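Colleague: I have a new model open. Walk me through how to read it, one feature at a time.

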Amino acid sequence: MSASPLPADLANALVEQLPIGIVLASHSGTRYVSQGLYALLGYPAKAGENALAPDALVTTKSWQRWHSAIAQLLTGESSAETLSLTGITPCGDLIELQAQLSLLDSAGETTVLSLIRSLPESDLDTQSLSRLAFRDSLTGLPNRALFLDRLSQSLRCNKRTGGGFALLCIDLDGFKAINDTHGHETGDEVLRQFAAILQNAIRESDSVARLGGDEFILILQDTDSGKAALHVAANIHLALLDGLQIGPLQLELGASIGISAYPEHGHDMHALIAAADKAMYDAKRQGKGTSRYKAMAEAELSKLAPMNLNWSADMELGVDWIDRDHRAMVKIVNRLIQALFSVEEFAFIQSLMEQFISTTAAHFAREDRAMDVLSEEDRLRHQQEHAQALAELQRIRAKLEASSLSQTIQFLTNWVREHIRHSDRTLSEALLQSAP
Ligand SMILES: Nc1nc2c(ncn2[C@@H]2O[C@H](COP(=O)(O)OP(=O)(O)OP(=O)(O)O)[C@@H](O)[C@H]2O)c(=O)[nH]1
């Protein structure tokens, strides 16, 4: 039987389904990347124009070796080559690949064919070694080396596509005290749980890494403005608001976040990291637990008057559950005060306000059930105060976007102080007197 050439559409379909990666490159750059390469690395079907280029699918070092081997074949310095490459999966895991490069003459243009396959099982030891070199052993997150590689890839990709991305530099607040008070093992578990919070806060195409100690960094892809980055930062703050449960311990944990964006705040790795780092230190200095989008001028920072609702001894009323409720309310007001001094997303401020209202409503409901100890007159007055306060808080929430945040906070601060010092003092005293 004489062999006739495969029809072009059948050949295309076959090539796309082969369980190996095929890349064609010529003097004019990469001409073709097969679906097989994306499938090897675990990417969903490539999305036309948006598909990642080969240099974003392997580590920077691998790309440098691959690129120069292609150049040598194109200039005739060699005619075939076998290379080891390290591929990157969408989750940031590294896979060892082998590429066989050879020359093709396609339609009169010299072309380099790279056939790429994953290494056989017997080479898995090398894979786990390279995984160790790029992973933080405590959290399993990418380490500084892999982060720098990803950042350099993001820069290359976005320079080519004209897109933008953001860096979030994150440092835990008061982490040393957790180690000192509860021990290093508890500290380690805090770091692991925080790593999981960060992983939950980002999309598959984003990256998270632990730089060392209590310092983490995120790369968020496809961010046209700081808005998406602020949204992710707000979600991290929200996830921390309830504290962490480490065995029997309930620990409070805050983080300071600095954000920089490409291309607004720099065109190279150094400038972008420095801007996010400076913004993070500014967030720390202004009171911790906040986010800051790019660095702020010193003069601007010094204008921010320190202000918060300090929990003082005279706010303790002696009834455990009432004091606990009040502390929770004070904590949310302080979080709103921090939000005032940083560039937080409105949605985050709104969710803090919702949380303040539901915490206050739950506190009122508990007090309503304990008011038997009051005289009829005091009970009516206290219940009326609750109804008025809830109506006022709902009114503030409804017009939150249009109002001045500083005035809203001033109102909440004064109201919480008055509430604790007057009406709840009377109720607490009556409860303490009636206690057996
Ligand atoms: N448990 C644990 N602790 C670590 C690890 N690596 C670093 N540390 C500790 O993390 C702490 C980090 O120090 P700082 O950043 O100054 O601590 P901080 O209390 O968060 O300070 P602020 O950022 O100013 O709030 C140090 O006490 C280190 O010993 C680790 O892998 N596990």
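Colleague: Start with a helix. Which residues in α7 are buried?

Modeller: Remember first that this is a predicted model. An α-helix has 3.6 residues a turn, so residues three or four places apart point the same way. In α7, the buried residues are Gly187, Glu189, Val190, Leu191, Phe194, Leu198 and Ala201.

Colleague: What span should the 18 residues of α7 have?

Modeller: At 1.5 Å a residue, the expected span is 26 Å. The end C-alpha atoms of α7 are 26 Å apart, so the two values agree.

Colleague: Now the ligand. Which residues come nearest?

Modeller: Asp173, Phe175, Lys176, Gly187 and Gly213, out of 16 residues around the ligand. Three elements each give two or more residues to that shell: β6 (165-173), α6 (175-182) and α7 (184-201). Gly187 also appears among the buried residues of α7.

Colleague: How many residues of each class does the shell have?

Modeller: Five are nonpolar, five polar and six charged.

Colleague: On to strands. What is the general idea?

Modeller: In a regular strand the side chains alternate between the two faces of the sheet. Here, take β6 and β11. They pair in the antiparallel sense, over nine bridges. Leu168 stands opposite Ile259 in β11.

Colleague: Is β11 mostly covered or mostly open?

Modeller: Mostly covered. Strand β11 runs over residues 254-262, and eight of its nine residues are buried.

Colleague: Which residues touch the most other members of the largest nonpolar core?

Modeller: Leu167, Leu168, Ile217, Ala229, Ile259 and Ala276, in a core of 80 residues. Look at Ala276. Beyond its neighbours within four places in sequence, Ala276 is in contact with Leu167, Leu168, Cys169, Gly258, Ile259 and Ser260.

Colleague: Now a loop. Where does Leu400 lie?

Modeller: Between α13 (376-398) and α14 (405-421).

Colleague: Why is Leu400 classed as partly exposed?

Modeller: Count the neighbours. Leu400 has 15 other C-beta atoms within 10 Å, so it is partly exposed. Buried would need 20 or more, and exposed 12 or fewer.

Colleague: What is Leu400 in contact with, leaving aside neighbours within four places in sequence?

Modeller: Gln350, Met353 and Thr408. Gln350 is 50 residues away along the chain, yet its C-alpha atom and that of Leu400 are separated by 7.5 Å.

Colleague: Finish with the whole chain. How many helices and strands are there?

Modeller: The protein chain has 15 helices and twelve strands. Of its 436 residues, 32% count as buried. Among contacts between residues at least 6 apart in sequence, 62% join residues at least 24 apart.

Technical notes:
Residues are numbered from 1 along each chain as its sequence is written. This is a predicted model: local features need pLDDT of at least 70, side-chain atom pairs count only at pLDDT 80 or more; totals for chains, interfaces and linings use all residues. A residue is near a molecule or strand if its C-beta atom, placed from the backbone, lies within 6 Å of it. Helices (H or I, at least four residues) and strands (E, at least two) are DSSP runs, numbered from the N terminus. Ala, Val, Leu, Ile, Met, Phe, Trp, Tyr, Cys and Pro count as nonpolar, Asp, Glu, Lys and Arg as charged, and the others, Gly among them, as polar. The expected span of a helix is 1.5 Å times one less than its number of residues. A nonpolar core is a set of buried Ala, Val, Leu, Ile, Met, Phe, Trp, Tyr and Cys residues joined through C-beta atoms within 7 Å. Two residues are in contact if their C-beta atoms, placed from the backbone, lie within 7 Å. Two strands pair if DSSP finds at least two bridges between them.
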